[in-house]
Amino acid sequence: MTEHVWSYQPTAGRLAGTDLTGYKVEATDGAIGKVDKHSDEVGDAYLVVDTGVWIFGKEVLLPASTVVRIDTEDKKIFVNRAKEQIKNAPEFHRDKHLGDAGYREELSTYYVTSIPFGGSHS
């Protein structure tokens, strides 16, 4: 059930090979930060978002399936979760969690069971 969490939606407009580093990330209810790192690996695609002052300089890991639209012209990525949902996701620490399968499963379960809300950016 959680295997598709780590893949971009076909309608997101993801162009393979496009560097998303520095793109602004917009939740359904406002900006959450900028992409600091991303992966395009098939079945393991994600964004690491630097949230700046929004949640005290922390980073969050967003599975690629949360991306609803990528605007390459404005360098913005729109995700289908509200700020509060992202803030309440399992805490991410880059050194500890990037290669941790257990953390990935926990995060997958969180995003599969947290229903998108707050409208969309279509």
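**Exercise 1. Strands β1 and β2**

Task: Work out how strand β1 and β2 pair, in which sense and over how many bridges.

Solution. Work with the predicted model.
- Step 1. Take strand β1, residues 24–27, and set β2 beside it: the two pair in the antiparallel sense.
- Step 2. Count the bridges between β1 and β2: there are four.
- Step 3. Look for a bridge partner of Ala 27. In β2, that partner is Gly 30.
- Step 4. Follow the chain from β1 to β2. A hairpin makes the link, and two residues form the connection.

**Exercise 2. The other pairings**

Task: Find out which way β1 and β6 run, parallel or antiparallel. Then do the same for β5 and β6.

Solution. Strands of a sheet pair through backbone hydrogen bonds, and the sense may be parallel or antiparallel.
- Step 1. Compare β1 with β6. They run parallel and are joined by three bridges.
- Step 2. Find a residue pair here: Glu 26 stands opposite Phe 78 in β6.
- Step 3. Now take β5 and strand β6 (residues 76–79). These run antiparallel, with four bridges between them.
- Step 4. Again find a residue pair: Val 67 stands opposite Val 79 in β6.

**Exercise 3. The whole sheet**

Task: Give the order of the six strands in the open sheet. Then say which strands stand at the edges.

Solution.
- Step 1. Read across the sheet: β4-β3-β2-β1-β6-β5. The pairing is mixed.
- Step 2. Look at the two ends. β4 and β5 (67–71) each have a single partner strand, so one side of each lacks a neighbour in the sheet.
- Step 3. Check the twist. Ignoring direction, neighbouring strands are turned by 35 degrees against each other on average.
- Step 4. Add the helix. α3 packs on the sheet and touches β3 (46–50) and β4. The direction of α3 makes about 70 degrees with that of β4.

**Exercise 4. Salt bridges of Arg 94**

Task: Name the residues that salt bridges join with Arg 94 into one network.

Solution. Side chains of opposite charge can pair when their charged atoms come close.
- Step 1. Search the whole structure: six salt bridges turn up.
- Step 2. Pick the pair Arg 94 and Asp 36. Their side chains meet at 2.2 Å, N to O.
- Step 3. Place both residues. Arg 94 is in helix α2 and Asp 36 in strand β2 (residues 30–39), 58 residues apart.
- Step 4. Judge exposure, where partly exposed runs between 20% and 50%. Arg 94 has 27% relative accessibility, so it counts as partly exposed. Asp 36 has 35%, so it is also partly exposed.
- Step 5. Find another partner. Arg 94 forms a salt bridge with Glu 59, and their closest N and O atoms are 2.6 Å apart. Glu 59 lies in strand β4 (residues 59–63) and Arg 94 in helix α2, so this pair ties together parts 35 residues apart in sequence.
- Step 6. Look at another bridge: the side chains of Asp 71 and Arg 69 meet at 3.9 Å, N to O. Asp 71 is buried at 17%, while Arg 69 is partly exposed at 31%.
- Step 7. Return to the shared partners. Asp 36, Glu 59 and Arg 94 form one network.

**Exercise 5. Aromatic rings**

Task: Classify the two aromatic pairs by the angle between ring planes.

Solution. Planes under 30 degrees apart count as stacked, over 60 as edge-to-face and the rest as tilted.
- Step 1. Take Phe 92 and Tyr 103. Their ring centres are 6.0 Å apart and their planes stand at 40 degrees, so the pair is tilted.
- Step 2. Place them. Phe 92 is in the loop between α1 (83–87) and α2 (94–97), and Tyr 103 is in helix α3 (residues 101–113), so the pair ties together parts 11 residues apart in sequence.
- Step 3. Check burial. Phe 92 is buried at 6%. Tyr 103 is buried at 3%.
- Step 4. Take Tyr 110 and Tyr 111. Their centres are 5.1 Å apart, with 85 degrees between the planes: edge-to-face. Both residues are buried.

**Exercise 6. Around His 97**

Task: Decide whether His 97 is buried or exposed, and list the residues it touches beyond four places away in sequence.

Solution.
- Step 1. Locate His 97: it is found in helix α2.
- Step 2. Buried means under 20%. His 97 has 7% relative accessibility, so it counts as buried.
- Step 3. List the contacts, leaving out residues up to four places away in sequence: Glu 91, Phe 92, Tyr 103 and Arg 104.
- Step 4. Follow Arg 104. Its charged end sits over the ring of Trp 6, 4.9 Å from the ring centre.

Conventions
Residues numbered from 1 in each chain as written. Predicted model: local features only at pLDDT ≥ 70, side-chain atom pairs only at ≥ 80, totals over all residues. Heavy atoms only, no water. Phe/Tyr/Trp six-rings, centres within 6.5 Å; stacked < 30°, edge-to-face > 60°. Buried < 20%, exposed > 50% of the residue type's maximum accessible area, 1.4 Å probe, protein only. Lys NZ or Arg CZ within 6 Å of the ring centre and 35° of its normal. Contact = heavy atoms within 4.5 Å. Salt bridge = Lys/Arg side-chain N within 4 Å of Asp/Glu carboxyl O. Pairing = 2+ DSSP bridges. Axes fitted to C-alpha atoms, helices over the stretch in contact; angles between N-to-C directions.
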